[in-house]
2 protein chains.
Amino acid sequence: MAEYDGLKEVYLREKSIYHGRVFDVSERIVRLPNGKEAKREIVTHKGAAAVVPVDDQGMVTLVRQYRTAHETVMLEIPAGKLDSAAEDPLVCAHRELMEETGLKAERMEPLIRMVPTPGYCTEAVTIYLATGLSAGRAHPDEDEFLSVEQMPLEDAAAMVMRGELEDAKTAIGLLMAYTKLR
Amino acid sequence: MAEYDGLKEVYLREKSIYHGRVFDVSERIVRLPNGKEAKREIVTHKGAAAVVPVDDQGMVTLVRQYRTAHETVMLEIPAGKLDSAAEDPLVCAHRELMEETGLKAERMEPLIRMVPTPGYCTEAVTIYLATGLSAGRAHPDEDEFLSVEQMPLEDAAAMVMRGELEDAKTAIGLLMAYTKLR
């Protein structure tokens, strides 16, 4: 990092704007490399885990759900928020996989700790490749409505390449899993 | 969409919480498929464009910058916010490429319209593959401090596969460009 000190912003102070259930919002004042002060709007989020579950036949399990921010149904890899910023994303990954799809994984291999929007949000999503799958029983959260779907991983990766799967964690997870397993 | 009506949430009303320079925040009340009401916290963002600039020798140009939300310097593809939600992302892509790297592109091919955080934010990032590059003069925004770096696209894609480039648009853009061009 020392070699990039010329790019660094120094934290000065922060004002809390909003305390929500999913995220908080604050205004942070930083000192820029040129000595001036600037205001940064920050969304603070606990983080999340996401899972690419691939079975021995090369089939991946995805979940379809309504996303009100985009007013559309989206097809995504299973994922969920950490219970707290301190929760091990691996624990969250196993829990969300089971809750949303009913799948249990013998192996969870981390693919990437991905940052969706580095410019203004603290969220990071750790994405795992889950293999050695067996069926349990799904139990979505109350107020969570999902449709579970399976397809060949190769077809899902081809959908990403055609721009048909818009969700960032889904696009990254599927391309990385396909590159690794093919 | 009709086949997924069982997943749909119906918009009821919205309360504005915060009006910022980069994003707005609101609380939206929706009716769930089970008839109950639920509150959704929404970040409204104009959207952005991002560019994977690859020259005739297969070198990609990246920018390194400090990201205060993650308190670290990150290596990313060139990108920037749309001037307004109505701006053509292609116009934004050309502008941001020139501002951040000084590069002019003969060809801009859309790779994907990517949604970083579908659960709570309206942002979409259209990612382009830029080729036919020629050098102009970079002119970053005041208060924007960047370091421009070049490397073989193959090396950048390998960094993504090792989990070393965390930014979502960067990971997706590099993997898609590498898959397309190789």
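Here is a short chat about the contact between chain A and chain B in a predicted model.

Trainee: Hi! How many residues does each chain put into the contact?
Mentor: Chain A brings 71 residues to the contact, and chain B brings 71 residues too.

Trainee: And what area is buried between chain A and chain B?
Mentor: About 6,300 Å² is buried between them, and carbon and sulfur atoms give 62% of that. People often state an interface's size this way, as the accessible area lost when the parts come together.

Trainee: OK, how many salt bridges are there across the interface?
Mentor: The rule finds two salt bridges between chain A and chain B. One of them joins the side chains of A:Arg113 and B:Glu166, with 3.1 Å from N to O.

Trainee: How many residue pairs are in polar contact there?
Mentor: There are 22 such pairs across the interface, with both residues at pLDDT 80 or more.

Trainee: Which element of chain A gives the most to the side that touches chain B?
Mentor: That is helix H3, residues 168–181, which supplies eight residues. On that side of chain A, the residues split into 35 nonpolar, 23 charged and 13 polar.

Trainee: New topic: where does A:Thr131 lie?
Mentor: You'll find A:Thr131 in strand S9 of chain A, which covers residues 125–135.

Trainee: Is A:Thr131 buried or exposed?
Mentor: A:Thr131 counts as buried because its relative accessibility is 17%, and the cut-off for buried is under 20%.

Trainee: So what is A:Thr131 in contact with?
Mentor: Setting aside neighbours within four places in sequence, A:Thr131 is in contact with A:Val54, A:Ala105, A:Glu106 and A:Arg107.

Note on methods:
Residues are numbered from 1 along each chain as its sequence is written. Chains are lettered from A and ligands numbered from 1 in the order in which they are written. This is a predicted model: local features need pLDDT of at least 70, side-chain atom pairs count only at pLDDT 80 or more; totals for chains, interfaces and linings use all residues. Side-chain values use heavy atoms; hydrogens and water are left out. Contact means heavy atoms within 4.5 Å. Buried area is the accessible area (1.4 Å probe) that two parts lose on being put together, summed over both. A salt bridge is a side-chain nitrogen of Lys or Arg within 4 Å of a carboxyl oxygen of Asp or Glu. A polar contact is a pair of N or O atoms within 3.5 Å; within protein, one must be able to donate a hydrogen and the other to accept it, and residues adjacent in sequence count only if both atoms are side-chain atoms. Helices (H or I, at least four residues) and strands (E, at least two) are DSSP runs, numbered from the N terminus. Ala, Val, Leu, Ile, Met, Phe, Trp, Tyr, Cys and Pro count as nonpolar, Asp, Glu, Lys and Arg as charged, and the others, Gly among them, as polar. Buried means under 20% relative accessible area, exposed over 50%, partly exposed in between (1.4 Å probe, protein chains only).
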